[in-house]
Amino acid sequence: QYKDTKMTEFWLISAPGEKTCQQTWEKLHAATTKNNNLSTNSKFNIPDLKVGTLDVLVGLSDELAKLDAFVEGVVKKVAQYMADVLEDSKDKVQENLLANGGKMLTIIYLSFIIRKSFKNYSSSLDTVTFLFIFKGVNQIDNDLKARASAYNNLKGNLQNLERKNAGSLLTRSLADVVKKEDFVLDSEYLVTLLVIVPKLNYNDWVKQYETLAEMVVPRSSNVLFEDQDSYLCNVTLFRKAVDDFKHKAREYKFMVRDFQYNEEEMKADKEEMNRLSTDKKKQFGPLVRWLKVNFSEAFIAWIHVKALRVFVESVLRYGLPVNFQAMLLQPNKKTMKKLREVLYDLYKHLDSSAAAIIDATMDIPGLNLSQQEYYPYVYYKIDCNLLEFK
């Protein structure tokens, strides 16, 4: 049983069959578990596939490397967007990243996929097989872009409206904090202003607002709303005194907000907010379900690509007839260096020239050739650290 952790990677390796493939497996398993349990292991069963010529296999090896990078990128994009959509519930991302009905990081799931799902593909190693995988994953990638764009636009518009209704009294929308009765409306001579008064200056406001300009209506100011720093007050005066009032108010740090009471506009803003909020809730459930299903599809495709890479590379390395054992290892994070050394000791005889170079230059057996880790045995990493939380 594999461990499900936030930080998880698998090593997918293969070695040539000895007298039997079972013997290869037993030798690996004994070497990695007898001392400190260096890794949790399982056979990784790949069905028999038809093998073409050497030239074809070399070409397919290059194609598979590109396909691997593409599919991994889509898997990570779907996983990351799941985290983005869940927002404050990011701790639930992992439980939503299920594949084929099981935990994505379990060996039971990985082995099951390879045995059961390969029948969907051609039994021969050819371009048709790759196109089948690419077409499906490319469709997921395109659908994700379209769905993410639509949902992000909706989410962005809602956030913009929410920002207008939050923040300080100097900048936020006032539509949801004022009432019709706070204003003198439809008067030819009188107008009601809204003023932001710092709490520290409120006593000054009470004493002075009636004398900041001529023709201010006495006792016309009330506190309508407050935030942490300020009060929102109204005041009524004659229209022709507005400019003088604004000018004098600034001297005392009283800020007059530009605001016209318009019931229709305020109603429209509230309706738009409700509409966007409702639309977001309606889209959330189907979007999460789509992400779950298509994460599973993309992840399954990715494991298939890994299996194909192991098969092709094993045939190229170990020759014909096909005779190798693929194995999946989940390394113990604390003993990765030791595990690498044990694997090197087991398989250094497979590639004496590479081993000589490795001995001369590296502490840990391994060589970087053309930006690809190289070992005497076939090796591919399955990195399941799919999320980059900011």
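Select E265 to begin: in this predicted model the residue belongs to helix α8, and with a relative accessible area of 54% E265 counts as exposed. If A175 is then added to the selection, the C-alpha atoms of E265 and A175 turn out to be separated by 9.0 Å, although the two residues lie 90 residues apart along the chain.

Now colour the whole of helix α8, residues 263–318, and turn to the interior. Helix α8 supplies 18 residues to the largest nonpolar core, which is the largest share of that core. The core as a whole has 71 residues, and those with the most contacts inside it are I13, L28, V71, L291, L343 and Y347. To see where its residues come from, select the elements that give two or more residues to this core, namely β1 (9–16), α1 (21–33), α2 (54–86), α5 (127–164), α8, β9 (324–331), α9 (336–347) and β12 (378–383). Such a grouping follows a broader pattern, since in soluble globular proteins nonpolar side chains tend to be buried together.

Centre the view next on L343. Once its neighbours within four places in sequence are left aside, L343 is in contact with W11, I13, L28, T32, L329 and Y377. A second core, separate from the one just visited, has 18 residues, including L193, V197, L212 and F245.

F245 leads to helix α7, residues 242–251, whose buried residues are V242, F245 and A249. Looking down the axis of α7, one finds these buried residues within an arc of 60°, so they line one face of the helix. On the other side of α7, the residues D243, D244, R250 and E251 are exposed. What do the buried residues of α7 pack against? Their partners are β5 (190–198), α6, β7 (230–238) and β8 (255–257), each of which can be shown in turn around the helix.

Just after α7, select K253, which lies in the loop between α7 and β8. K253 has a positive phi of about 65° although it is not a glycine, and its relative accessible area of 58% makes it an exposed residue. R219 can be examined in the same way: this residue, found in the loop between α6 and β6, takes a positive phi of about 50° without being a glycine. R219 is exposed, its relative accessible area being 72%.

Stay with the loop between α6 (202–208) and β6 (222–226), and select M215, which is also found there. M215 counts as partly exposed, because its relative accessibility is 33%. Together with Y189 and F238, M215 makes a nonpolar surface patch of about 290 Å².

For a stop concerned with the backbone, move to the loop between α8 and β9, where P321 is placed. The peptide bond from L320 to P321 is cis, with omega near -5°.

Finally, zoom out to the protein chain as a whole, which has ten helices and twelve strands. Of its 390 residues, 46% count as buried, while the chain exposes about 21300 Å², with carbon and sulfur atoms supplying 50% of that area. Among the contacts between residues at least 6 apart in sequence, 79% join residues at least 24 apart.

Terms used:
Residues are numbered from 1 along each chain as its sequence is written. This is a predicted model: local features need pLDDT of at least 70, side-chain atom pairs count only at pLDDT 80 or more; totals for chains, interfaces and linings use all residues. Side-chain values use heavy atoms; hydrogens and water are left out. Patches are made of residues with over 30% relative accessible area and no salt bridge: like charges are joined within 9 Å, nonpolar side chains (Val, Leu, Ile, Met, Phe, Trp, Tyr) within 5 Å. Accessible areas come from the Shrake-Rupley method with a 1.4 Å probe; for residues, only the protein chains shown count as cover. A salt bridge is a side-chain nitrogen of Lys or Arg within 4 Å of a carboxyl oxygen of Asp or Glu. Helices (H or I, at least four residues) and strands (E, at least two) are DSSP runs, numbered from the N terminus. Buried means under 20% relative accessible area, exposed over 50%, partly exposed in between (1.4 Å probe, protein chains only). The arc is that of the directions from the helix axis to the C-beta atoms. Contact means heavy atoms within 4.5 Å. A nonpolar core is a set of buried Ala, Val, Leu, Ile, Met, Phe, Trp, Tyr and Cys residues joined through side-chain atoms within 4.5 Å.
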